[in-house]
Amino acid sequence: MTLYTAPPAESVVVCLDEMGPESAKSFPGARRVRADPSGARRERARQEIDYGRRGYGYLFGAFVPATGEAFTHPYPRRTTANWVAFLEQVETWLDPAVAQVSAVLDNLPAHRATDVLLWALAHPRWELVFQPTYAAYLNLIEPWWKVLRSLALKGRRFATWEEVCQAVEKATQYWNAHRHPFLWGRRKRRRPARPTGIACLPVAA
């Protein structure tokens with residue numbers, strides 16, 4: 001049983017968060033195992049060490065679980081001013097016909113700053129919903145970050161932070177073209193199948 005029910009057409013739930021800091025570097029990809037020519041053993045392929053950081057920043061994101069639509073934008077720092085600027089961009093990105101926006105976000109100080117609360121008051125259709133402590137699974141942008149990392153960063157080497165931003169932008173566009181909805185709720189653990197037939201009873205000595 002999931003915890004998510006689709007909101008009415010006049011409202012939307014949007015998940016907000018930041019990813020980072022991310023730096024321009026080599027990101028490991030899928031590990032390949034190469035065979036020893038002698039046939040004696042198999043050796044795991046290793047990635048060369050990438051020394052140094054060639055610029056870094058943060059990736060701010062907005063995610064609509066009901067439709068799977070996503071919006072990302074890079075910023076050099078995670079500050080209150082940048083977060084308010086990002087909220088203004090999300091406000092422009094969302095459909096103006098939507099009457100109510102329920103924004104799910106964590107309790108980071110920048111998210112609860114006075115400037116953010118004043119911004120929300122200036123935009124009556126917005127409602128900030130702060131998730132409980134130790135409940136990251138309630139913000140569905142968290143699993144989507146893993147999808148974005150796989151599409152944009154995995155197995156690639158970046159020389160500059162600008163290249164990282166371009167890769168994330170293209171990955172976001174690709175995702176929006178092939179998006180699918182996300183549902184709230186913990187993953188169900190698979191239970192081993194019970195053996196068929198009559199249960200074995202202990203034999204009396």
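Let's start with how the chain folds back on itself: among contacts between residues at least 6 apart in sequence, 73% join residues at least 24 apart. Keep in mind that what you are looking at is a predicted model. The chain has 205 residues, and buried ones make up 37% of them. You can pick out four helices and seven strands. Walking from the N terminus, you meet them in the order β-β-β-β-β-α-β-α-β-α-α.

Now go to helix α4, which covers residues 161–177. How does its length compare with what its 17 residues should span at 1.5 Å a residue? The expected span is 24 Å, and the end C-alpha atoms of α4 are 25 Å apart, which agrees. Next, look at which residues of α4 are hidden: W161, V164, C165, A167, V168, A171, T172 and W175 are the buried ones. These residues cover an arc of only 160° around the axis, which puts them on the same side of α4. Turn the helix around, and the face pointing away from that buried side carries the exposed residues K170, Q173 and A177. And what sits on top of the buried residues of α4? The cover includes β1 (11–23), β4 (56–63), β5 (70–75) and α3.

Let's zoom in on one of those hidden residues, T172. Its relative accessible area is 6%, and because buried means under 20%, T172 counts as buried. The side chain of T172 has a polar atom 2.8 Å from the backbone oxygen of V168. Setting aside residues up to four places away in sequence, T172 touches A70, T72, W144 and L148.

A helix can have residues with quite different surroundings, so compare T172 with E169. This residue also belongs to α4, but E169 is partly exposed, with a relative accessible area of 48%. E169 and F71 are 98 residues apart along the chain, yet their C-alpha atoms are separated by 8.9 Å.

Helix α3 is the next stop. It has twelve residues and reaches 16 Å from its first C-alpha to its last, close to the 16 Å expected at 1.5 Å a residue. Which residues of α3 are buried? They are I141, W144, W145, L148 and A152. Seen down the axis of α3, these fall within an arc of 110°, so they line one face of the helix. The cover over the buried residues of α3 includes β1, β4, β5 and α4. So α4 is part of what covers α3, and α3 is part of what covers α4.

You can see the two helices meet through their aromatic rings. The model holds 14 aromatic pairs. One of them joins W144 and W175: the ring centres are 6.2 Å apart and the planes stand at 65°, so the pair is edge-to-face. Since W144 lies in α3 (residues 141–152) and W175 in α4, the pair ties together parts that are 31 residues apart in sequence. Are these two tryptophans buried or exposed? W144 is buried, with a relative accessible area of 0%, and W175, at 6%, counts as buried too.

Aromatic residues turn up elsewhere as well. F60, F71, Y75, W83, F86 and W93 form one aromatic cluster. In another spot, the charged end of R112 sits over the ring of F130, 4.3 Å from its centre.

Finally, have a look at two residues in strands. G57 lies in β4, and at 0% relative accessibility it counts as buried. Not counting residues up to four places away in sequence, G57 touches P21, E22, Y75, P76 and W161. One of these, W161, is among the buried residues of α4. G57 and E162 are 105 residues apart in sequence, but 9.7 Å apart in space, C-alpha to C-alpha.

The other residue is S102, found in strand β6 (residues 100–105). S102 is buried, with a relative accessible area of 14%. Leaving aside its neighbours within four places in sequence, S102 is in contact with V12, V13, V14, E127 and V129.

Methods. Residues numbered from 1 in each chain as written. Predicted model: local features only at pLDDT ≥ 70, side-chain atom pairs only at ≥ 80, totals over all residues. Heavy atoms only, no water. Buried < 20%, exposed > 50% of the residue type's maximum accessible area, 1.4 Å probe, protein only. Polar contact = N/O pair within 3.5 Å; in protein donor to acceptor, adjacent residues only side chain to side chain. Contact = heavy atoms within 4.5 Å. Phe/Tyr/Trp six-rings, centres within 6.5 Å; stacked < 30°, edge-to-face > 60°. Lys NZ or Arg CZ within 6 Å of the ring centre and 35° of its normal. Expected span 1.5 Å × (residues − 1). Arc of directions from axis to C-beta.
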